[in-house]
Amino acid sequence: MLSSVALSPLRASPTRAAARRSAAATIITMRDRSKNRKPTQRGRYLSTEAIQAVQSLKRAALRGAPAASAAVEPKLRRLLKADLVAVFRELAAQGEALLALQVFEGIQKEHWYRPRLLWYVDLVTVLASKGLRSEVDKACSYLKREQLEPDTEGFNLLLKALLDAGFTQLAMDCFRLMKLWDSDPDRITYRTLIKGLESLGKMDLSADTRLEAENEYGSLDFLDEVEIDKAYISRAF
């Protein structure tokens, strides 16, 4: 004989209201994991070793002791190439201009070092943003001694960084270097130079650049185009 429990329809299947209450009781909530993410560097995560190196360098800088900063050098030496470059670029992104320069000069001493113009863009941008004229001069002097592959997009970013910070002569030096290394100026190059020079009141230099651009393209209508320089920023290092 079947039990009354088995025959009870209430026991056999829950009511719709009960099912809704059950579903409501089992709603899953998720934590915002973004709060736990490690610092990122242009689309990649920094390794634990790279994060520790960044933190150690910043602590040493806060102490203001050259010896403390030098003590971090062995730790940097042990980093893999990708991590060492990531440390440099993370420091630059955080606005740690002098530390970024220190690490960059260390990178130059590595046996695997091959110059990348985008590294110079990062370095010059952070140094120029802090108004460190002598350090920007030093970085540009390093650049002039390099031998790089043609890179018009990279030079466009470099010119913009220099002009935004008011380094007119260095920008013109890099423009000449750009052409010397067969990085053909494009419309963005001329727009960056002309608008940058005019914003700084360098009308004579702007006029010369306008003439050069007109000889190259015949028309200067592109000066009024919407800027698309942001498309370059996503380039991987």
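**Exercise 1.** Which residues of the largest nonpolar core touch the most other members?

*Solution.* The model is predicted. The largest nonpolar core holds 63 residues, and those touching the most other members are Val87, Val103, Ile107, Val136, Leu143, Leu158 and Leu162. Next, sort the core by helix. At least two of its residues come from each of α4 (48–63), α7 (81–93), α8 (97–108), α9 (117–129), α10 (133–145), α11 (152–164), α12 (168–180) and α13 (187–199). The largest share, ten residues, is supplied by α9.

**Exercise 2.** Compare the expected span of α8 with the distance between its ends, then list its buried residues.

*Solution.* Helix α8 has twelve residues; at 1.5 Å a residue it should span 16 Å. Its end C-alpha atoms lie 17 Å apart, which agrees. The buried residues of α8 are Ala97, Leu99, Ala100, Leu101, Val103, Phe104, Gly106 and Ile107. Take Val103 from this list: leaving aside neighbours within four places in sequence, its contacts are Leu57, Leu76, Leu84, Val87, Phe88 and Leu91.

**Exercise 3.** Is Thr168 buried or exposed?

*Solution.* First locate the residue: Thr168 is in helix α12. Its relative accessibility is 11%. Buried means under 20%, so Thr168 counts as buried. Not counting residues up to four places away in sequence, Thr168 touches Leu197, Leu200, Lys202 and Leu205.

**Exercise 4.** Describe the second largest pocket by volume and lining.

*Solution.* The volume of the second largest pocket is about 180 Å³. Eleven residues line this pocket, and the closest to its centre are Pro115, Arg116, Leu117, Glu149 and Asp151. By type, the lining divides into five nonpolar, one polar and five charged residues.

How values were computed. Residues numbered from 1 in each chain as written. Predicted model: local features only at pLDDT ≥ 70, side-chain atom pairs only at ≥ 80, totals over all residues. Heavy atoms only, no water. Core = buried A, V, L, I, M, F, W, Y, C linked by side-chain atoms within 4.5 Å. Buried < 20%, exposed > 50% of the residue type's maximum accessible area, 1.4 Å probe, protein only. Helix = DSSP H or I, 4+ residues; strand = E, 2+ residues; numbered from the N terminus. Contact = heavy atoms within 4.5 Å. 1 Å grid on protein atoms, 1.4 Å probe; cavity = no way out; pocket = protein on both sides within 12 Å on 5 of 7 lines; lining within 4 Å. Points joined across faces, edges and corners; volume = space filled by probe spheres on them. Nonpolar A, V, L, I, M, F, W, Y, C, P; charged D, E, K, R; others polar. Expected span 1.5 Å × (residues − 1).
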